[in-house]
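Hi,

Here is the structure I promised to pass on. Have a look at it first, and then read my notes below.

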Amino acid sequence: MQGPGDPIAGAIVVMSGRRTHGSRGLGDRCGFHNDNVTYFAAAPYSGIRRTPTRPYDRSAMAAPTTESAVASTARADARWRPTASTVRRLALASLVANIAIVATGGLVRLTNSGLGCPDWPNCSGGSLVATGKVSWHKAVENTNRGLTGVIMIAVVAVFIAAYRERPARPAVRWWAWVTLLGVPAQAVLGGISVLTDLNPWVVCAHFLLSMALVGAATVLWWNTRTPTPEPSAVPLLVRRLGGATWVLTYAVFAVGTLVTGSGPHAGDAKAVRLPLRPAAISQLHADLVMLLVGVAIGLAVFAAAVGAPPAARTATRVLVGVLAFQAAIGFAQYFTGLPTGLVELHVTGAAVLAAAATATLLALNER
Ligand code: HEM
């Protein structure tokens, strides 16, 4: 028996095939020993279990583990490791897909196809896809549902890339999770709006979740950027103004959904409308927009005055441009009786604005 203080009575035998750098992932270079055995002369007792000293017996040392270990290392090395720019492109694709589905959702509403598929998750008659005599409305709604599959592919792709990338970037992984979980949540909310015959409150929530998802996809994309080497701090006051602009933007979205909820484009003739006077709620919407435009212009001026980093200054200018365009479309559609083409542009513009406002906030707060 060995025990404390028994100096060289044993040796620790380390079998080959064990990882030598446990904390690194598969595929790293430090891999495995090719030797079957490594001997360490036993140190004075330190609580490590020792095996009795035996003559070195190579045949007994399970050679097959070496081959399988080498093979599995080769397999791990061969697995896909995306570059930072691939992750970035996939994040951009996910952002574009999130904006695109807002546009196609707008088309569903404006072509009165909201209940084209009267059921959910099946389209009708127990079938996931439109069958039998397919009406125009059913085709539109069915296509929009199919696009959820495309957007799911986009968020899954960026999610996998975020987890395969080395070195890992925790913020990228975190936001990849948010977008990954957001899309099925949105699909369920879309289903609830169908099952409640396009209840306007549910439709409002469906649209606002879309805006939140576009924001999340923007943060994900932003985090895949290579950080600027020397980001310079923007004064707190200007950053706060950026925060206020972002909050006001989302407030305008919220009131905009109430305008839609009380307006004529319900998505189906039998959908109920919100008990609000369209002219009054449109007025509130436009008033908030005026405030937002003023604050955003102030933000762009201050950002330039304090010498904010170029990315932040550009972002504030782009934001003002998108806002001006969106406001112009808003007035145009209001005074021309809400033609579907302009309303569709207004819906898509809101999604682009969600991305622009979020990117501006991030650019101002980059440190
Ligand atoms: C920054 C500017 C603006 C933003 C971000 C914005 C955003 C929105 C949003 C998110 C909706 C709801 C879309 C939906 O639920 O599908 C909406 C609807 C609407 N907005 Fe704006 N809006 C802006 C400017 C304006 C202006 C200046 C007017 C002028 C009165 C206006 C008039 C309307 C109208 C009438 C609707 C309802 C359209 C419908 O019936 O579908 N908007 N807006």
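What follows is a short tour, from the ligand to one helix residue and then to some backbone details in the loops.

Before anything else, please keep in mind that this is a predicted model.

Let's start with the ligand. It has 28 residues around it, and the closest of them are Gly256, Thr260, Gly263, Gly330 and Tyr334. Four helices each put at least two residues into that shell: α6 (236–262), α7 (278–305), α8 and α9 (340–364). Which of the helices gives the most? That would be α8, with seven residues. As for chemistry, the shell around the ligand splits into 16 nonpolar and 12 polar residues, with no charged ones.

Staying with α8, I also looked at Val322, which sits in this helix (residues 310–335). Is Val322 buried or exposed? Val322 has 21 C-beta neighbours inside 10 Å, so it counts as buried. Leaving aside residues up to four places away in sequence, Val322 touches Val352, Leu353 and Ala356. Take Ala356 from that list: its C-alpha atom is 7.7 Å from that of Val322, though the two are 34 residues apart along the chain.

Now for the loops, where the backbone has a few things you may want to look at yourself. There is a cis peptide bond between Trp120 and Pro121, with omega at about 0°. Pro121 belongs to the loop between α2 (84–110) and α3 (136–164). Another cis peptide bond links Arg166 to Pro167, and here omega is about -5°. You'll find Pro167 in the loop between α3 and α4 (170–195).

The loop between α4 and α5 (200–223) is where Asp197 is placed, and Leu198 is found in that loop too. Neither is a glycine, yet both have positive phi: near 55° for Asp197 and about 60° for Leu198. How do they fare on burial? Asp197 has 16 other C-beta atoms within 10 Å, so it is partly exposed. Leu198 has 20 C-beta neighbours inside 10 Å and therefore counts as buried. The cut-off for buried is 20 or more, so Leu198, with its 20 neighbours, just makes it.

That's what I have for now. If you open the file, I'd begin with the ligand shell and then go through the loops in the order above.

Cheers

Terms used: Residues are numbered from 1 along each chain as its sequence is written. This is a predicted model: local features need pLDDT of at least 70, side-chain atom pairs count only at pLDDT 80 or more; totals for chains, interfaces and linings use all residues. A residue is buried if 20 or more other C-beta atoms lie within 10 Å of its own, exposed if 12 or fewer, and partly exposed in between; C-beta atoms are placed from the backbone. Two residues are in contact if their C-beta atoms, placed from the backbone, lie within 7 Å. A residue is near a molecule or strand if its C-beta atom, placed from the backbone, lies within 6 Å of it. Ala, Val, Leu, Ile, Met, Phe, Trp, Tyr, Cys and Pro count as nonpolar, Asp, Glu, Lys and Arg as charged, and the others, Gly among them, as polar.
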